[in-house]
Amino acid sequence: MTLDTQRIRADFPILSETVHGHPVTFLDSAASSQKPLAVLQAMDDVYRHRYANVHRGVYLFSDEATQCYDAARAKIAAFFGARETEEIVFTRNATESLNLLAYSYARALLQPGDEIVLTELEHHANFVPWLEAARTHGLVLKFAPLTKDGRIDEVQFASLLGPRTRLVSFAHVSNVLGTITDPRPLIERAHAVGAKVILDGCQSAPHMPVDVQALGCDFYVCSGHKMLGPTGIGVLYGRRELLEAMPPFMTGGDMISHVGFDGARWADIPLKFEAGTPAFVEAIGLGAAIDYLQALGMHNVRAHERALTAYALERLSTVRGLRLLGPLDPDVHGGVASFTLERIHPHDLASLLDEQGIAVRAGHHCAQPLHARLGITATARASFYVYTLPEEIDRLIDGIEYAQRVLKR
Ligand code: PMP
């Protein structure tokens with residue numbers, strides 16, 4: 001293992017909890033990750049020692065809080081390789097980032113009949129905002145199909161692009177299939193027809209190095225809570241000229257340069273998109289999470305998860321009646337393992353695993369269209385992160401076999 005997992009685990013107080021009398025085996029980090037002390041302490045420090053609203057007060061606390069908030073934005077810009085700090089907009093989560101784009105880019109700047117290309121593996125967050133924009137603004141949605149092993153079919157993807165394609169949006173890593181897509185060839189093809197590309201980085205930002213300029217995407221979105229940060233803080237990266245061309249998403253305080261009785265002028269980016277008091281303590285917490293991840297090294301994080309995924313796929317494939325979803329090659333499979341079990345519903349499995357302190361997710365994982373394509377309604381999903389041990393995968397396997405015995409299937 002490339003990470004010292006035992007040492008890392010000591011940084012996560014929640015991992016020493018017990019659940020139903022068992023040590024907790026937390027295998028649901030793709031839904032939300034646990035938080036290290038460094039993040040809890042960074043937020044505690046603001047509340048105890050320097051809390052005041054940002055961008056307003058001409059006094060010490062406000063000044064310090066503002067400096068910490070601005071420093072967090074700069075850290076995030078550097079982490080993702082953005083050209084400028086102003087290209088990072090804080091939102092509540094990836095869902096809000098995508099809604100912001102659906103309103104301020106698609107609804108505001110596209111014309112009826114313009115086309116948006118998505119894929120069949122998208123999370124609802126990268127589906128429903130576009131369905132709604134299409135419905136209300138006459139935009140046309142197209143969905144790139146998948147290959148049998150759950151990858152985006154590049155040939156079919158390319159065949160959907162045309163002179164009316166204005167936007168392309170897809171997940172860098174699938175939250176269900178685990179598929180890691182190399183976005184560069186897709187981005188190049190989209191750019192060749194003049195379309196802009198949004199990358200849903202919810203499942204890549206926490207788990208691998210991401211450089212938005214090297215990838216060449218126009219927008220990148222992710223959620224802080226999946227990458228060791230707190231809830232309530234998300235990121236939208238956008239290229240300066242695109243963000244500048246977009247109207248605000250929400251209006252009010254903090255996002256204006258001047259307000260009169262007859263109208264208002266907007267602040268420059270990124271504040272134009274950050275109406276109201278921002279979640280600045282959460283942003284500072286996310287900054288601390290990024291420091292933590294950078295100290296581990298994102299290449300090491302990915303190598304650790306690749307090894308765990310390889311082990312999990314190998315062990316799960318030996319379980320009777322178990323069907324794995326997504327690519328079987330760990331080089332293109334992020335740290336999630338989704339599966340179905342013959343004659344056992346994922347909810348029953350998840351409940352029996354919970355009795356043993358093992359947390360996995362069961363259901364459609366906010367990807368109902370994908371499940372419909374696969375001809376199933378639900379899957380069980382185990383997901384891994386920097387604190388996951390191979391022994392926890394062993395416990396999962398034992399737990400599945402226990403469920404099979406209990407249910408006599
Ligand atoms: N996209 C993907 C690929 C995800 O995995 C998730 C969260 N499961 C989201 C978008 C939405 O994230 P959030 O609920 O934090 O907005």
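**A tour from the domain contact to the sheet and two loops**

Start where the two halves of this predicted model meet: 35 residues of domain 1 touch 30 residues of domain 2. To colour them, select 5-27 + 297-402 for domain 1 and 40-294 for domain 2. Domain 1 thus takes two stretches of the chain, 5-27 and 297-402. Place a marker at each C-alpha centre; the centres of domain 1 and domain 2 are 27 Å apart.

**Next: the largest cavity**

Which residues line the largest cavity? Select V173, S174, Q203, H207, M208, E305, G334, G335 and V336. Keep the domain colours on. Both domains contribute here, with at least three lining residues from domain 1 and at least three from domain 2. By character, the lining splits into three nonpolar residues, five polar and one charged. The space inside comes to about 50 Å³. Across the whole structure, three cavities reach 30 Å³ or more.

**From V336 into the sheet**

Stay on V336, one of the lining residues. Now show strand 14, residues 336-341, and strand 17, residues 379-383. V336 has S383 of strand 17 as its bridge partner. The two strands run antiparallel and are joined by four bridges.

Widen the selection to the full sheet. In what order do its four strands lie? Reading across, the order is 13-14-17-16, in an open sheet with antiparallel pairing. Strand 13 (322-324) and strand 16 (361-363) form the edges; each has a single partner strand, so one side of each lacks a neighbour in the sheet. Look along the sheet for its twist, which averages 30° from one strand to the next.

**Two backbone stops**

Most residues other than glycine have a negative phi, and most peptide bonds are trans. The last two selections depart from that pattern.

Go to I269 and P270. Is the peptide bond between I269 and P270 cis or trans? The bond is cis, with omega near 0°. P270 sits in the loop that links strand 12 (263-266) to helix 10 (280-296). Both of those elements fall in the 40-294 range of domain 2, except for the end of helix 10.

Finish at H20. Its phi is near 50°, a positive value in a residue that is not glycine. Show strand 1 (18-19) and strand 2 (22-23) beside it: H20 belongs to the loop between them. This stop lies in the 5-27 stretch of domain 1.

Definitions and conventions. Residues are numbered from 1 along each chain as its sequence is written. This is a predicted model: local features need pLDDT of at least 70, side-chain atom pairs count only at pLDDT 80 or more; totals for chains, interfaces and linings use all residues. Side-chain values use heavy atoms; hydrogens and water are left out. Two strands pair if DSSP finds at least two bridges between them. Axes are lines fitted to C-alpha atoms, for helices over the stretch in contact, and angles run from 0 to 180 degrees between N-to-C directions. On a 1 Å grid over the protein atoms alone, a cavity is a set of points where a 1.4 Å probe fits but cannot get out, and a pocket is an open set with protein on both sides within 12 Å along at least five of seven lines; lining residues have an atom within 4 Å of a point. Grid points are joined across faces, edges and corners, and a volume is the space filled by probe spheres set on the points. Ala, Val, Leu, Ile, Met, Phe, Trp, Tyr, Cys and Pro count as nonpolar, Asp, Glu, Lys and Arg as charged, and the others, Gly among them, as polar. Domain bounds come from an automatic or database domain assignment. Contact means heavy atoms within 4.5 Å.
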